[in-house]
Amino acid sequence: MTKKDGLPSHWIDSLFQTSDGKLWIGTTDGTVSFESNGGLRLYKEAQGLCDKGFYAFHEDRDGNLWVSTNCGIKKITRSGFVRFTQTDGLATLNVNGIFTSRNGELFVITKRTGETINKTSLEAHQINRFDKDKFTSVEPKLPPNINTGWGGGQIIVEDKTGDWWLPSANNAVFRSAKAVDFAEINKSKPQTIGIPDQIAFRIYEDSRGDIWISTMTAGQLLRRERATRTIRDYKSEINFGNSKPYANYFAEDPQGTLWISSEYLDDLLRYKNGNFSILKTNAEKPGGNITSLYFDDLGRLWLTTTLNGVGRVDKPNADVLEIVWYNRKKGLATDGARGLVEDNFGRIYVVNGRGVDRITPNTGQIKHYTTADGLPQGLNFNAVRDAQGNLWFGGSQGLARLVPEEDKPRQAPNILLTNVRVEGQRQAVSELGETALPELKLDSNQTQVSIDFLGLGASLGEELKYQYRLEGASDDWIETTQCAVDFANLAPGSYRFMVRAMTFDSISSQTPATISFTIAAPVWRRWWFLLLAAIFVTSLIYLLYRYRVAELLSVERVRTRIATVLHDDIGSNLSKISILSEVAKQKFGSNGDETNPLNSIADISRESVASMSDIV
């Protein structure tokens with residue numbers, strides 16, 4: 001096997017066979033896989049890897065392939081998206097539509113901008129047919145200076161007879177007669193079919209072989225009947241009030257009823273038994289519009305909207321539509337959706353500006369696919385399932401294929417601590433992450449702790465959830481989709497942080513990742529400080545008590561001395577008065593004379609002594 005067989009280089013660095021039997025070859029100029037059809041599939045920068053240096057392969061427990069390259073470690077997800085570029089035969093990366101033909105062939109419509117005439121850039125479509133692992137590109141032959149318009153999605157049709165229908169912005173559509181070979185489309189001159197409006201916006205073939213054409217300028221709805229080859233305009237039969245919308249998507253149910261969505265309206269148009277009826281969707285957010293329609297294998301109608309997510313109608317033929325809505329509240333990446341497709345396992349894929357969401361109707365489970373899973377950059381608008389059950393997604397910057405697999409029993413995801421910061425300073429954590437870290441002893445001013453973690457074991461398109469709790473602050477588990485948590489202004493104490501990863505099916509990590517840390521109390525809250533403070537306060541109270549007692553005793557002693565002195569002085573004076581009283585009695589001889597002045601003096605003296613004694 002050499003470069004002639006598809007090898008990017010003759011210098012082989014590594015060989016590896018995955019569990020599904022596929023052989024991988026790493027070279028100095030890209031890696032290739034040996035496909036079941038015998039061809040080689042190249043993986044380089046356009047497929048999310050790098051162009052040089054592939055050294056080693058390793059397959060993890062979920063079948064994902066990890067590749068060691070010059071630009072780091074890259075992951076090729078098992079049954080993930082495979083991107084296709086110009087190296088695979090696409091004319092351009094601007095995918096404007098995808099469909100399968102009547103005999104099961106896959107066609108991708110791309111668009112290019114050509115020369116400018118009268119200040120208008122002429123646009124042209126190319127038809128790319130997929131064969132095994134490559135595309136063959138052909139640009140249909142149209143009259144000179146024809147602009148194919150800017151319609152997308154249902155814009156080019158290969159009808160039941162093999163004729164090709166092509167749009168234009170020149171008051172016409174073109175019918176290219178069936179070619180003997182696909183490559184001959186660009187050689188035969190197409191038939192010009194005039195239409196009563198300038199721009200053909202959508203083209204669709206129903207089960208009867210009639211061609212429906214919606215126009216953009218006047219918003220006309222045209223039908224070219226296969227039997228009579230005449231064009232009929234239904235615009236006057238549809239009453240949209242003051243609005244002049246134009247049809248942007250067609251879908252037909254198993255009973256042959258045609259369903260039509262209109263730009264700038266969130267109502268549905270149903271064409272049944274030759275009559276049109278307008279059905280309200282009663283969307284939560286009015287003012288948007290329905291962007292695509294899809295009937296699944298169970299006959300349910302699905303619709304995408306610009307503002308309300310995805311709707312599911314279980315009984316499309318009812319007079320009043322009952323719609324089950326899926327939106328951001330239920331797990332969609334965005335409420336603005338663009339396309340729909342179903343895999344062989346009954347799961348619905350929603351195309352949007354952020355990637356692809358997968359809905360499992362029975363459980364309500366929603367998985368997200370992004371560029372990290374292999375989707376191309378830019379907006380995605382188109383989706384289709386091919387005859388082999390592969391799903392194709394295209395948008396403004398490329399094309400990708402997904403080979404769906406049935407969901408397998410899940411293993412519990414692992415969880416690792418990847419970073420710990422204290423007051424913004426990184427702590428010692430292995431670059432590969434750890435399930436447990438040594439306990440941290442923090443100072444009283446280190447009260448901000450940030451912890452990063454990572455769950456391993458998510459399936460393709462799945463975003464793991466996390467649950468954490470901080471023992472010492474709360475025993476409740478807190479759920480988050482973030483891979484980091486920040487604790488600020490923690491109180492002094494001992495803490496234990498625990499975190500576990502959880503799948504959408506509520507399968508959580510068997511062993512949480514943990515780290516313990518203790519924040520020291522400030523000096524004024526430590527036991528020895530509080531003990532010293534208590535001893536100091538007790539001693540101070542005791543000293544104050546002793547001082548007060550001493551003061552009271554001192555006052556009492558002063559009072560006692562004063563009382564003693566007064567008692568002695570008064571006693572002496574009373575003695576003298578008593579002597580004078582006796583002398584007066586003897587002199588005056590009146591023992592009971594109340595007018596005796598000496599008696600009065602004696603009484604006054606006694607009363608004074610009594611009063612002073614009371615004061616003391």
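**Notebook: a sheet, an aspartate and some rings**

I began at Ile12, which stands opposite Thr27 in S2. A reminder to myself: this is a predicted model.

**Entry 1, the sheet.** I followed that pair of residues outwards. S1 pairs with strand S2, residues 23–27, in the antiparallel sense, and I count 5 bridges for the pairing. Which order do the strands take in the sheet? They run S1-S2-S3-S4, so to speak left to right on my sketch, as an open sheet of 4 strands with antiparallel pairing. I then looked at the edges. Strand S1 (12–17) and strand S4 (40–43) each have a single partner strand, so one side of each has no neighbour in the sheet. I also looked up the twist: with direction ignored, neighbouring strands here are turned by 20° against each other on average.

**Entry 2, Asp452.** Next I jumped along the chain to strand S39, residues 449–456, where Asp452 is found. Is Asp452 buried or exposed? Its relative accessible area comes out at 17%, and with the cut-off for buried at under 20%, Asp452 is buried. I wanted to know what its side chain meets there. I found a polar contact between the side chains of Asp452 and Arg421, at 3.0 Å. Then I listed the contacts of Asp452, leaving aside neighbours within four places in sequence. Leu416, Leu417, Thr418, Asn419 and Arg421 are on the list, and so are Cys483 and Ala484. Arg421 thus turns up in my notes both as a polar partner of Asp452 and as one of its contacts.

**Entry 3, aromatic rings.** How many aromatic pairs does the structure hold? The count is 30. I picked Tyr271 and Phe276 for a closer look: their centres are 4.5 Å apart and their planes make an angle of 40°, which puts the pair in the tilted class. As a note on bookkeeping, a pair of aromatic rings is described by the distance of the centres and the angle of the planes. I checked accessibility for both partners. Tyr271 counts as buried at 9% relative accessibility, and Phe276 counts as buried at 17%. Both residues belong to one aromatic cluster, together with Tyr204, Trp212, Tyr234 and Phe250.

**Entry 4, charges over rings.** Last, I looked for arginines above rings and wrote down two cases. The charged end of Arg202 sits over the ring of Phe201, 4.0 Å from the ring centre. For Arg500, the charged end sits over the ring of Trp477, at 3.8 Å from its centre.

How values were computed:
Residues are numbered from 1 along each chain as its sequence is written. This is a predicted model: local features need pLDDT of at least 70, side-chain atom pairs count only at pLDDT 80 or more; totals for chains, interfaces and linings use all residues. Side-chain values use heavy atoms; hydrogens and water are left out. Two strands pair if DSSP finds at least two bridges between them. Axes are lines fitted to C-alpha atoms, for helices over the stretch in contact, and angles run from 0 to 180 degrees between N-to-C directions. Buried means under 20% relative accessible area, exposed over 50%, partly exposed in between (1.4 Å probe, protein chains only). A polar contact is a pair of N or O atoms within 3.5 Å; within protein, one must be able to donate a hydrogen and the other to accept it, and residues adjacent in sequence count only if both atoms are side-chain atoms. Contact means heavy atoms within 4.5 Å. Rings of Phe, Tyr and Trp (its six-membered ring) pair if their centres lie within 6.5 Å; planes under 30 degrees apart count as stacked, over 60 as edge-to-face and the rest as tilted. A charge sits over a ring if NZ of Lys or CZ of Arg is within 6 Å of the ring centre and within 35 degrees of the ring normal.
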